[in-house]
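Reader: Hi, can you walk me through this one? I'm new to reading structures.

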Amino acid sequence: MSTFYAQPYDLCARGFYFETAEAFRDNVAKARNDYGQPVEEFELQFIDGEAIDAALAEAVRVHQGTVAQFFEREAEWDEHEKRAVIIAVGECGYHFDLETGDPNDFDIDIYEVDSLRELAEQFVDEGLFGNIPEHLENYIDYDAIARDLACDYAETTIAGTRLIYRCA
C-alpha cells in the first residue's frame, strides 16, 4: 500500500495524505481554500510504500487523473510487470496508458544479474553460442562477450535490484 500527498496548486489551500483512490476522491470533494472555494488541481507526491511502487509512480507520472488506475495496477501487477513498465517508460521511452496498457505487450528482455559479464556467462551456460566442447570452455572470453552485449543491453537499478535489459 502506497501513501501519497496531494499538494494543491492553490496556495491558500491545504493538502492531504491518502492511501486509496476513494480517500483521494473524498478529500478532493471536501477540499476548500481559505476563501471557501473548491480546490480542483493537485500535484501528487509519493510519500511512502515499496520502492518498486515509488519507481512505478515516477515512471508513469501519476497524476490526479490516473491515481485510481495506479492503485489498481499496483495491487494486481507482480514485480516483473512493474519492472517492465518502469524500464519501458522510464528507460526506453515507450508510452504507457495505465487504464488500457498491458506490461506484457512490451518487447523487452530483462535479466536479474549484476553485470554484463554475468549475463554473458548465463548466455553461454544456456547454449546461446552453441554447444561448446568441455576442453574449450576455459578459453571463452566472457569480458569480450560482455562488451559485445553492451551494444544492445543496458544496466539499471530498480528498487535496489540490479537489472540488465534490452528494448527491442
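Author: Sure. Start with a term: two strands count as paired if DSSP finds at least two bridges between them. This is a predicted model. In it, β5 and β6 form a hairpin with two residues between them.

Reader: In which sense do β5 and β6 pair, and over how many bridges?

Author: They pair in the antiparallel sense, over five bridges. One bridge joins I158 to T161 in β6.

Reader: What is the phi of A159 in the turn?

Author: A159 has a positive phi of about 55°, and A159 is not a glycine. Most residues other than glycine have a negative phi.

Reader: Is A159 buried or exposed?

Author: In between. A159 is partly exposed, because its relative accessible area is 38% and that class runs between 20% and 50%.

Reader: Where else should I look for a positive phi?

Author: Try R61, with phi near 55°. R61 sits in the loop between α2 (51–60) and α3 (67–76).

Reader: Buried or exposed, that R61?

Author: Exposed. The relative accessible area of R61 is 68%, and the cut-off for exposed is over 50%.

Reader: New topic: helices. At what angle do α5 and α6 cross?

Author: At roughly 105°, with their axes coming within 8 Å. So α5 is roughly perpendicular to α6.

Reader: Which residues meet there?

Author: Among them are L116, L119 and F123 in α5, and Y142, I145 and L149 in α6.

Reader: How many are nonpolar, polar or charged in the contact of α5 with α6?

Author: Nine residues are nonpolar, three are charged and none is polar.

Key. Residues are numbered from 1 along each chain as its sequence is written. This is a predicted model: local features need pLDDT of at least 70, side-chain atom pairs count only at pLDDT 80 or more; totals for chains, interfaces and linings use all residues. Side-chain values use heavy atoms; hydrogens and water are left out. Helices (H or I, at least four residues) and strands (E, at least two) are DSSP runs, numbered from the N terminus. Buried means under 20% relative accessible area, exposed over 50%, partly exposed in between (1.4 Å probe, protein chains only). Axes are lines fitted to C-alpha atoms, for helices over the stretch in contact, and angles run from 0 to 180 degrees between N-to-C directions. Angles under 35 degrees count as roughly parallel, over 145 as roughly antiparallel, 65 to 115 as roughly perpendicular and the rest as oblique. Contact means heavy atoms within 4.5 Å. Ala, Val, Leu, Ile, Met, Phe, Trp, Tyr, Cys and Pro count as nonpolar, Asp, Glu, Lys and Arg as charged, and the others, Gly among them, as polar.
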